[in-house]
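Work through the following exercises with the sequence and the model at hand. Each task is followed by a solution in steps.

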Amino acid sequence: MCAHVLVAEDDEMQAELIRRSLLAEGHTATVVHDGAAALEAAKRLAPDLVVLDLMLPVIDGFGVCRVLRGGDQDVPVVMLTARSEEDDVLLGLELGADDYMTKPYSPRELMARIRTVLRRSGRAVGVREEPVVRAAGLSVDPERYEVRCDGEPVECTPAEFQILLAMAGEPERVFTRRQLLQCTRGFDRASTERAVDVHIMNLRKKIEADPRRPVRLLTVFGVGYKLSGGRP
């Protein structure tokens, strides 16, 4: 994957469209729907980029950007808004937003803007050390390409590693097969949605005490899979 992107958008349909577009680009994404949740997630996850809606509840996008820029985080910010007044655009840029798009916008253009900002900031994978992701007794280290389960090393294929990294980044979230398939793009080009089941089966053999009765990597029937256990 290229980057982990935090999406702060109160419109759930818009947020889902952005998330799917990011997955298709090879990124991972965390979605929140208000400004307070955005600040908490930014502090906890240290994302590579924030897509920030201006009209968020609780704390608006200007307030979120002001806090992000007032702290020690240097995360790039792409602002989104339905308001196109020049003063709003200028204020967003003065607060430190790296780019600014008004609604309605093309998802393809947004992804192009994100690619440009990531390149400019040096936040693409391989450029900086990424934080170790921990959940459900697992630690996934993108920099060292290592997985540990209860402290013991686990050998994973590249596709398995990307699936675990995505799921550990959002424990308890249910991923569809298609979403998990997107995580393997570039590593498992010939894969199909059914191949995701094979990856999950192989991962269970590696991280479950009894693969036939999993307690970490769970099936959500009719939907997909989730990593259960939460963060330490």
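**Exercise 1. Overall inventory**

How many helices and how many strands are there in the protein? State also what share of the residues is buried.

Solution. The structure is a predicted model. Counting the secondary structure elements gives eight helices and 12 strands. For burial, the cut-off is under 20% relative accessible area. By this criterion, 48% of the 232 residues count as buried. Turning to contacts between residues at least 6 apart in sequence, 59% of them join residues at least 24 apart.

**Exercise 2. The parallel sheet**

Determine the strand order of the five-stranded sheet and name its edges.

Solution.

Step 1. The five strands form an open sheet in the order 2-1-3-4-5, and the pairing is parallel.

Step 2. Strand 2 (28-32) and strand 5 (99-102) are the edge strands, each pairing on one side only.

Step 3. The average turn between neighbouring strands, direction ignored, is 15°.

Step 4. Next come the helices on this sheet. Helix 5 (residues 107-121) touches strand 3, strand 4 and strand 5, and its direction makes about 175° with that of strand 5. Helix 1 (residues 12-24) lies across strand 1, strand 2, strand 3 and strand 4, and runs at about 170° to strand 2.

**Exercise 3. Strand 3 and its partners**

Find the bridge partners of residues in strand 3 and decide whether its faces are covered.

Solution.

Step 1. On one side, strand 1 (residues 4-8) runs parallel to strand 3 and is joined to it by four bridges. Within this pairing, Val 7 has Val 51 as its bridge partner, and Ala 8 has Leu 52.

Step 2. Strand 4 (residues 77-81) is also parallel to strand 3, again with four bridges. Here Val 51 stands opposite Val 78.

Step 3. In a regular strand the side chains alternate between the two faces of the sheet. The residues of strand 3 can be sorted accordingly: Leu 49, Val 51 and Asp 53 lie on one side, Val 50 and Leu 52 on the other.

Step 4. The residues on both sides are all buried, and both faces are thus covered. The count for strand 3 (residues 49-53) is five buried residues of five.

**Exercise 4. The antiparallel sheet**

Which strands stand at the edges of the four-stranded sheet, and why is one side of each left without a neighbour?

Solution.

Step 1. The open sheet has the order 6-7-8-9 with antiparallel pairing.

Step 2. Strand 6 and strand 9 (152-154) stand at the edges; each has a single partner strand, so one side of each has no neighbour in the sheet.

Step 3. From one strand to the next, the twist averages 25°.

Step 4. The pairing of strand 8 with strand 9 is antiparallel and spans three bridges. In it, Cys 149 stands opposite Glu 152 of strand 9.

**Exercise 5. Helix 6 and the largest nonpolar core**

Identify what helix 6 packs against and what it gives to the largest nonpolar core.

Solution.

Step 1. Helix 6 lies across strand 6, strand 7 and strand 8, at about 115° to strand 7.

Step 2. The axes of helix 6 and helix 8 come within 10 Å and cross at roughly 80°. Helix 6 is therefore roughly perpendicular to helix 8.

Step 3. The residues of helix 6 that meet helix 8 are Ala 159, Glu 160, Ile 163 and Leu 164. On the helix 8 side they meet His 199, Ile 200, Asn 202, Leu 203, Lys 206 and Ile 207.

Step 4. The largest nonpolar core has 27 residues, of which Leu 164, Met 167, Leu 180 and Leu 227 touch the most other members. Elements giving two or more residues to this core include helix 7 (177-183) and strand 12 (224-227). Helix 6 supplies the largest share, seven residues.

Step 5. Beyond four places in sequence, Leu 164 touches Leu 138, Val 140, Val 147, Cys 156, Leu 203 and Ile 207. Apart from this core lies another of 22 residues, among them Ala 42, Val 50, Val 64 and Cys 65.

**Exercise 6. A glutamine in helix 7**

Is Gln 179 buried or exposed, and which residues is Gln 179 in contact with?

Solution.

Step 1. Gln 179 lies in helix 7. Its relative accessible area is 12%, so Gln 179 is buried.

Step 2. Leaving aside neighbours within four places in sequence, Gln 179 is in contact with Glu 16, Arg 19, Leu 23, Arg 173 and Val 174.

Step 3. A polar atom of the Gln 179 side chain lies 2.9 Å from the backbone nitrogen of Thr 176.

Definitions and conventions: Residues numbered from 1 in each chain as written. Predicted model: local features only at pLDDT ≥ 70, side-chain atom pairs only at ≥ 80, totals over all residues. Heavy atoms only, no water. Buried < 20%, exposed > 50% of the residue type's maximum accessible area, 1.4 Å probe, protein only. Pairing = 2+ DSSP bridges. Core = buried A, V, L, I, M, F, W, Y, C linked by side-chain atoms within 4.5 Å. Contact = heavy atoms within 4.5 Å. Axes fitted to C-alpha atoms, helices over the stretch in contact; angles between N-to-C directions. Polar contact = N/O pair within 3.5 Å; in protein donor to acceptor, adjacent residues only side chain to side chain. Parallel < 35°, antiparallel > 145°, perpendicular 65-115°, else oblique.
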